[in-house]
Amino acid sequence: MSNLNLEKIIKDFPVLSQNFNGKRLAYLDNGATTQKPSQVINAMSEYNKHSHGNPHRGAHQLSIKATEEYDLAKEVVRQFINAKSIEEIIFTKGATESLNLVAQSYGLDNIKENDEIVIAISEHHSNILPWQRVARLRGAKLKYLYLNAEGRITPEEIVNKISKNTKIVSIAQMSNVLGTINPIKEIVDYAHKIGAIVIVDGAQSAPHMKIDVQKLGADFFVFSGHKLMGPMGIGVLYGKKELLEKMSPYLLGGDMIEYVTEQDATFAPLPFKFEAGTQNVEGAIGLKAAINYIQQIGIDNITEHERKLTEYTMDKLLSIPYIKIQGPKNMDNKGGIISFTVDDVHPHDVATILDSYGVAIRSGHHCAQPLMKYLNLPATSRISFYLYNSMEDVEQLIYAIKNIRKWLGYAS
Ligand code: C6P
């Protein structure tokens, strides 16, 4: 059924062979974070055993080795998203820090009174709060793209909200709640026509679909390592060189300088201008190993595998009368995320009951409170797939879901 060699893949992930509550684990919370294969765990362990040093600082062998490994990881990231050069790749702690960097640097440098910043109502808080602050500090307006009944941004909404006053559009490629894939190319083309720049939050897309930043035309693109089988604490900011060069540094300190005098400083060239302080080399190595793992399997194969699982799961869920799927109910421009509610049962209870069946999902507002308010929901339960999920996981999920209402004493 699957286009992937799942038996082999599952064996690569030590956590998946563990039992929880005496049940096999169906890990369906990949939107929150993904599990790591031995290849990633071992790459970090090997680095710690044999090559650990502070990069860009020493003449000794370990510092040189750490520098080489760190720079190599950057090249692997560059190829993964098809950036023009490694000067355009900045390592951060994750998508959140990358978005804050752009807001605090490009945003504060360029936004003026009465300018407009446009984001979508479905954004994660990490792509809302930094822009609220920029808008407040500069006297600018924060405007929202709203969704249609299907949970999608329409072409009319793009044209209505992005105006000649818009200077920045910042938008997720895939919603972490609804799984909707937004029309990024159309947004970029329209925003560029009127002179605005576009930041793409790829936290939920980069792990699951082919990213080509040059084809996409995005000015900035961000993602997190831990959502694509890498470690926590490493993420990426891609930015067009000509924009990064003009931007103020975000953090100030060691390794990001050229010269420092008593009263002033000049800054290092890209990408180091944006990488102050000792960097997360171990994280970069884990990220490199994770990307290599993805490439060995093929990102298009991963997309296709998740598409099959999601379509099958949605069909099953749609046939259960007391379940409501939020957002798109077909696979047109939708990734492997399904948010749903169960009539008369709070999403937190849904997640707790599923956990007792060995099924791990997330419930809550998913760090997207404005979207919850817009949907008029306190919370949802969310299933999110990755390459190691199987039909067995789906069957385990559906079996558990069918038991939720029985557990709570309802007739079915
Ligand atoms: N969403 C989720 O369960 P960090 O925490 O920096 O790695 O990623 C932040 C972030 C930014 N944008 C989107 C679209 C995201 O989904 C996330 C993280 C997780 O949905 C944790 S809240």
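Is Ser384 buried or exposed? In this predicted model, Ser384 counts as buried, because its relative accessibility is 1% and the cut-off for buried is under 20%. The residue belongs to strand E17, which covers residues 380-384. Leaving out residues up to four places away in sequence, Ser384 touches Leu28, Asp29, Asn30, Gly31, Gly336, Ile337 and Asn389. Two of these neighbours can be followed down to single atoms. The side chain of Ser384 reaches the backbone nitrogen of Gly31 at 2.7 Å, and a polar atom of that side chain lies 2.9 Å from the backbone nitrogen of Asn30.

Further along the chain comes helix H14, made up of the 17 residues 391-407. From its first C-alpha to its last, H14 reaches 24 Å, close to the 24 Å expected at 1.5 Å a residue. Several residues of H14 are buried, among them Val394, Leu397, Ile398, Ile401 and Ile404. The list of buried residues in H14 also includes Asp393, Gln396, Asn403 and Arg405. Here a general point about helices is handy: an α-helix has 3.6 residues a turn, so residues three or four places apart point the same way. Just after H14, Gly409 takes a positive phi of about 90°.

The charged residues come next. The structure holds 18 salt bridges, and two that involve H14 are described here in turn. Asp393 pairs with Arg24, with 2.9 Å between the closest N and O atoms. Because Asp393 lies in helix H14 and Arg24 in strand E2 (residues 23-24), the pair ties together parts that are 369 residues apart in sequence. Asp393 is buried, with a relative accessible area of 3%, whereas Arg24 counts as partly exposed at 29% relative accessibility. Arg24 and Asp393 are also linked with Glu392 in a network of salt bridges.

Arg405 forms a salt bridge with Asp344, and their closest N and O atoms are 3.1 Å apart. Arg405 lies in helix H14 and Asp344 in the loop between strand E14 (337-342) and helix H12 (347-356), so this pair ties together parts that are 61 residues apart in sequence. The two partners sit in contrasting surroundings: Arg405 counts as buried at 11% relative accessibility, while Asp344 counts as exposed at 55%.

Another salt bridge joins the side chains of Lys241 and Glu87, at 3.4 Å from N to O. Lys241 lies in helix H9 and Glu87 in the loop between helix H3 (61-81) and strand E4 (89-92), so parts that are 154 residues apart in sequence are tied together. Lys241 counts as partly exposed at 29% relative accessibility, and Glu87 is partly exposed as well, with a relative accessible area of 28%.

The surface has a nonpolar side too. Leu252, Ile257, Val260 and Phe267 form a nonpolar patch there, with about 370 Å² of accessible area together. Leu252 is found in the loop between helix H9 (241-246) and strand E11 (257-260). This leucine counts as exposed because its relative accessible area is 64%, and the cut-off for exposed is over 50%.

A last loop residue is His125, placed between strand E5 (116-120) and helix H5 (129-138). Leaving aside neighbours within four places in sequence, His125 is in contact with Pro130, His365, Cys367, Ala368, Gln369 and Pro370. His125 and Ile199 are 74 residues apart in sequence, and their C-alpha atoms are 15 Å apart in space.

Terms used:
Residues are numbered from 1 along each chain as its sequence is written. This is a predicted model: local features need pLDDT of at least 70, side-chain atom pairs count only at pLDDT 80 or more; totals for chains, interfaces and linings use all residues. Side-chain values use heavy atoms; hydrogens and water are left out. Helices (H or I, at least four residues) and strands (E, at least two) are DSSP runs, numbered from the N terminus. The expected span of a helix is 1.5 Å times one less than its number of residues. Buried means under 20% relative accessible area, exposed over 50%, partly exposed in between (1.4 Å probe, protein chains only). Patches are made of residues with over 30% relative accessible area and no salt bridge: like charges are joined within 9 Å, nonpolar side chains (Val, Leu, Ile, Met, Phe, Trp, Tyr) within 5 Å. Accessible areas come from the Shrake-Rupley method with a 1.4 Å probe; for residues, only the protein chains shown count as cover. A salt bridge is a side-chain nitrogen of Lys or Arg within 4 Å of a carboxyl oxygen of Asp or Glu. Contact means heavy atoms within 4.5 Å. A polar contact is a pair of N or O atoms within 3.5 Å; within protein, one must be able to donate a hydrogen and the other to accept it, and residues adjacent in sequence count only if both atoms are side-chain atoms.
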